[in-house]
Every structure is written in C-alpha cells, then in structure tokens.
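Visitor: I would like a close look at a single part of this protein, the enclosed spaces and what surrounds them. Could you take me through it slowly?

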Amino acid sequence: MSEQGAAVSGWGDGTRVVHSVPAVPGEPFGSSPVFASVYHLGGSDSYGRPHNPTWRALEAALGSLDGGEAVLFPSGMAAISTMLRVVLAPGDTVVVPSDGYYMTRKLVAEMPVTVVEAPTAGPYPSFEGVRLVLLESPSNPGLDVCDIAALVEQAHVVGALVAVDNTTATPLGQRPLELGADIVVSSDTKAVAGHSDVLLGHVTTADPELAEKVRAARTTGGAIPGPFEAWLAHRGLGTLDLRLARQAENAAALYAVLKDHPAVHGLRWPGALEDPAHEVAARQMRRFGGVLTFELASVEAVAEFFKRSELVAESTSFGGLHTTLDRRAQWGDPVPEGLVRMSAGCEDTADLVADVLKALDHLVG
C-alpha cells in the first residue's frame, strides 16, 4: 500500500475518497491529466505505454481503497483478461461462477484451460488441482453471494489462488483482500467512475510481485487506459461515498414497494433481511449497493414498463447517476426472458418510487 493509502486507512469512506489525492502545498486539490506519449529521459517516466502520472494517481487511490496495489486498465474485460493470462497457463484448471458475468464465461471458454463452473451460492467442487478460483459476489445479474473467507480458506489449503470480481460491490462496499482473497478485479466503468462516460477497469493485489507481472503484461499487451478517462474517474471518485449512499437508499425504497407488487416476481437485493443472500452479505459487505434483480412477466411487459416510465432508462450498464433497467436474457445470460437488472440511481427517492410504481401498475391493469 502507498504511504498515502496507509495514512488514510483509518478514515471513513467519504474522507478517503475526497482526500484520495495527497495534499501538497502549492499543488491543485485534484490530479490533472497528463497527455504524453514520450518524456525527456532521466526521470521516472520514459514512454506513454508503460508510464503515465494520471494512471498512477488513480491507481494509488484505488489501491488504498482495496488494500493493495492497483493496476489500471481501459475496461473491466481488459483487467480480467490480463489477470487470467498472467495467472493461468495452458492446461490449468479454473473455477468460474456459472451465474456470473456472461462475458467472463465466454472469455475463459476460449482459453486453453479446463473450466469448472459453480453457482455463486454453491455447492462448490473440490479445489484440488485448481490453479484459480474466480468468484463474483454479489453475482451479476442474480445477486447471489458467496462466503469469500470460507472459500479462500478452502482454496489456499490446496494451493489455489482466489480472485474476486468486486464490480457490483465496489471497493467501498466490500474488501475481498481483507477477507483473504489474492486478487480483486473490477469494472470501474460502473459505480467507481459512476457518470456513464468512462470505460475503465483495474486489478488489485497485495502481492507486489504479482502486481508487477500484471503491470508488465499491460505494457507488453498494450491494454493501457487513456489519461483523460483516468482523470475523469479520479475526479468522480470523490463523490463515490455520496453516490453509493443515495443509490442504496433508493434501492431499499424500491425493494419495499416491489416486494409485494403483483407484477414483480423473484425480487433480489442482498440488503433486504428476507433476501436469501442477506446473512452472508451482512457479514462481509460494508454496504449493499443500488442493484436489484427481478422478473416481469414477459419481453412485452418489460417493453411496456419502459413506455410508461419517465425516469428509468433502458441501459446495459449499472452504477451510474441515472436509474436504469436491463433485460438480461438479450445479452446471453441463462435467465428467464423477463428477468431485469435495475440499477437505482441518484434521483430523489420519492420521485423514483412514484415513477416505478406508475409504470408497474400499468402492467396489472
């Protein structure tokens, strides 16, 4: 962890994200984008593919929040694909969530490795002979949760590494490295950047040697982020605590009115006491976020919902300022046609609840 990361580790979330840039007399409050492909030799930077000060500023902030050393990438998929290439060799065995992000399953299926799938909530196979256990908790889109610490213990006994896709939870919602995981991966396109205008991802590990391997693979492979995107994400990071708080508040209010609505079935949100994942989630998550999943009757019902709603946008991302809804089957998830993922945004709670109820009420007459 960086010196700055160590200094702020005892502070609250809001303080940590606001003060993610060290205070230096005469310097700006925030980092600035450095647009450089080449540098005068003799300093710490030489060329734009391995080095950029704007990346390092955001990496220091994300590493502090995760509790390790972060390496930035131009997307979440660039982050996870690089991590997999670094950790896995041809013939290795990897365990992946059968109900996790569909593009991750597609990625590992195309690699020269043995793939074992397991549902996030279990049961899990023996990890004997496994090189990497990749977890996603809460899972996307089903929002199931696994006991990360328990699975880490099982994996480490037989020498397997554990990586956790922490995209849904965010670094403020869950800290897998503190639960024993070896690696955290995240799509920062979602809540971390949070303004629907940036593609970014990162890998964090507490192992400096592994972090250097990931960074070297980024340099060799050329999967580098743009400095402007890194700066935008770092600027937005300062409000992450506030945004997550409003999103969770809205998710809780939506859950309260959706759970008994006749148009809604299979409602999931780990923050709800009655949710099957709540007990485990409450032990390992620091906040529950703004993502809910539920099922409407049909494709046509989802389309009708969008026609009736004024505030809910049809979008396939989540974690942004705007409340969005996404019918997941259209992207290849093995889920019912009417299953939707709702990402609660930062609108006024009363306005959002009223709008969603208005749209749903039209589905039942």
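Guide: Happy to. Let us begin with the second largest cavity, whose lining consists of P138, L143, T168, W269, P270, M285, F288 and V291. The model is a predicted one, and the volumes that follow are computed from it. This second largest cavity holds about 40 Å³ of space. Sorted by class, its lining has seven nonpolar residues, one polar residue and no charged ones.

Two of those names come up again next door. A search of the whole structure turns up two cavities of 30 Å³ or more, and the largest has about 70 Å³ of space. Of the 13 residues lining the largest cavity, T168, A191, Q247, G290 and V291 are the closest to its centre. T168 and V291 are also in the lining of the second largest cavity. The class make-up of the largest cavity's lining is five nonpolar, eight polar and no charged residues.

V291 leads us to strand β9, which covers residues 291-295. Four of the five residues in β9 are buried, so to speak of the strand as mostly covered is fair. On one hand, β9 runs antiparallel to strand β8 (residues 265-268), joined to it by two bridges; in that pairing, H265 stands opposite E295. On the other hand, β9 pairs with strand β12 (residues 339-343), again in the antiparallel sense, over five bridges. There, F294 has V340 of β12 as its bridge partner. As a general point, strands of a sheet pair through backbone hydrogen bonds, either parallel or antiparallel.

Now for the seven-stranded sheet. Its strands form an open sheet with mixed pairing, in the order β1-β7-β6-β5-β4-β2-β3. Strands β1 (69-73) and β3 (114-118) are at the edges with a single partner strand each, so each has one side without a neighbour in the sheet. From one strand to the next, the twist averages 20°. Within this sheet, β5 (residues 161-165) and β6 (residues 183-187) pair in the parallel sense over three bridges, and A163 stands opposite I183 in β6.

Two helices pack here. Helix α4 (residues 76-87) lies across β1, β4 (132-136), β5, β6 and β7 (201-205), and runs at about 155° to β6. Helix α5 (residues 102-109) has Y102, T104, R105, L107 and V108 as its buried residues. Those buried residues pack against α4, β2 (93-97), β3 and β4.

Both helices also bring us to an open space, the largest pocket, with about 420 Å³ of space. Its lining is made by 24 residues, of which M77, Y101, N140, S187 and K190 lie nearest the centre. The elements giving two or more residues to that lining are α4, α5 and β6. By class, the pocket lining has eight nonpolar, 11 polar and five charged residues. For your own modelling eye, set that beside the two cavities: the lining of the largest cavity has no charged residues, and neither has the lining of the second largest.

How values were computed
Residues are numbered from 1 along each chain as its sequence is written. This is a predicted model: local features need pLDDT of at least 70, side-chain atom pairs count only at pLDDT 80 or more; totals for chains, interfaces and linings use all residues. Side-chain values use heavy atoms; hydrogens and water are left out. Two strands pair if DSSP finds at least two bridges between them. Axes are lines fitted to C-alpha atoms, for helices over the stretch in contact, and angles run from 0 to 180 degrees between N-to-C directions. Contact means heavy atoms within 4.5 Å. Buried means under 20% relative accessible area, exposed over 50%, partly exposed in between (1.4 Å probe, protein chains only). On a 1 Å grid over the protein atoms alone, a cavity is a set of points where a 1.4 Å probe fits but cannot get out, and a pocket is an open set with protein on both sides within 12 Å along at least five of seven lines; lining residues have an atom within 4 Å of a point. Grid points are joined across faces, edges and corners, and a volume is the space filled by probe spheres set on the points. Ala, Val, Leu, Ile, Met, Phe, Trp, Tyr, Cys and Pro count as nonpolar, Asp, Glu, Lys and Arg as charged, and the others, Gly among them, as polar.
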